[in-house]
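Me: Please take a close look at one part of this model, the nonpolar core and its aromatic rings. Keep it brisk.

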Amino acid sequence: MPAPASQPDDPALLRIDGPIATITLNRPAAFNSINLAIAQKLEQLAAYIEGDDAIRILVIEGEGRAFSAGGDLQTIGAAAEANTVTPVVGELLKHYHAFIEIIRRMPKISLSSVHGSAAGAGMGLAFVTDLCIAADDAKFTPAYAKIGVSPDGGSTVGIVGTVGSRRALQIFLSEDSFTAQQACEWGLVAKTVPATELKAATRQLAERLAQNPRAAIAGTKSLVYAAATTPVKQQLDAEEHKIIMAMNTEEFRVAVKKFTTKGK
């Protein structure tokens, strides 16, 4: 299947370079806030990436001054005034949450590259990916409690699993905002770099991750996410199954032969 063609005015753009796919949130005038159009596009692009065996890494970035301001409050506010929140937000989240489900389950590593502001569902997106790299001046803003709502967009999926319930409650209910350095200390961000170096550092990290064989990426990701809720015996059986599958690949045979003949 050919990659979906991206037009300059699409709400999200797709670029593929070898094993690395990059999705760029492309509503810079609206600080890449999430409306129905971008949610539908993200679902479409993620579905393509999931089905392309040549892609090993997905990078998600934002165009303009912000990573993402979260849900489009212009759209949501208008729906609230018109008493159409249930169908409008329900349709938006149907597509956006489908996108989140895909990036969490797909046997590829997702990497968010965050600059500027990541707020609300934009913050959720930064941390629902498998890894996050951020500019050292990036700012994360939960935003939900201030407008009287609970988290969405995968925010609790990514954050609670990383920091635990007590820190998550602190983030959602008592933090106006926090820095990239704090996020790094809490384990939400893997690495911070100067803003001018973010693109290059993201590319370097993505290339390093892409060196891992497909079976290693797929097996490790599925095991790690299952570990917290899977009984020990079931998890050990899954480990056995995944490692034997990986050992039956040509990539493993080449790698182990290289390792065992080193220095001989």
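Reply: What follows covers the core first, then the ring pairs.

This is a predicted model. The largest nonpolar core holds 48 residues. Within this core, Ile-103, Leu-125, Phe-127 and Phe-140 touch the most other members. Helix H1, residues 36-51, gives the largest share, 7 residues. Another core, of 15 residues, lies apart from it. Among its members are Ile-109, Ile-133, Leu-209 and Ala-210.

Now Leu-125. Leaving out residues up to four places away in sequence, Leu-125 touches Leu-25, Ile-60, Phe-67, Tyr-96, Phe-99, Ile-100, Ile-103, Ser-112 and Gly-153. Two of these contacts, Tyr-96 and Phe-99, also belong to the aromatic picture.

The model has 6 aromatic pairs. In one of them, the ring centres of Tyr-96 and Phe-99 are 5.7 Å apart and the planes meet at 45 degrees, so the pair is tilted. Both residues lie in helix H3, residues 85-105. They sit 3 residues apart, about one turn of the helix. Tyr-96 and Phe-99 are both buried.

Phe-178 and Trp-186 make another tilted pair, with centres 5.0 Å apart and planes at 50 degrees. Phe-178 is buried, at 1% relative accessible area. Trp-186 is buried as well, at 14%. These two rings join Phe-127 and Phe-140 in one aromatic cluster. Phe-127 and Phe-140 thus appear twice: in this cluster, and among the core residues that touch the most other members.

One charge completes the tour. The charged end of Arg-104 sits over the ring of Tyr-225, 4.0 Å from the ring centre.

Key:
Residues numbered from 1 in each chain as written. Predicted model: local features only at pLDDT ≥ 70, side-chain atom pairs only at ≥ 80, totals over all residues. Heavy atoms only, no water. Core = buried A, V, L, I, M, F, W, Y, C linked by side-chain atoms within 4.5 Å. Buried < 20%, exposed > 50% of the residue type's maximum accessible area, 1.4 Å probe, protein only. Helix = DSSP H or I, 4+ residues; strand = E, 2+ residues; numbered from the N terminus. Contact = heavy atoms within 4.5 Å. Phe/Tyr/Trp six-rings, centres within 6.5 Å; stacked < 30°, edge-to-face > 60°. Lys NZ or Arg CZ within 6 Å of the ring centre and 35° of its normal.
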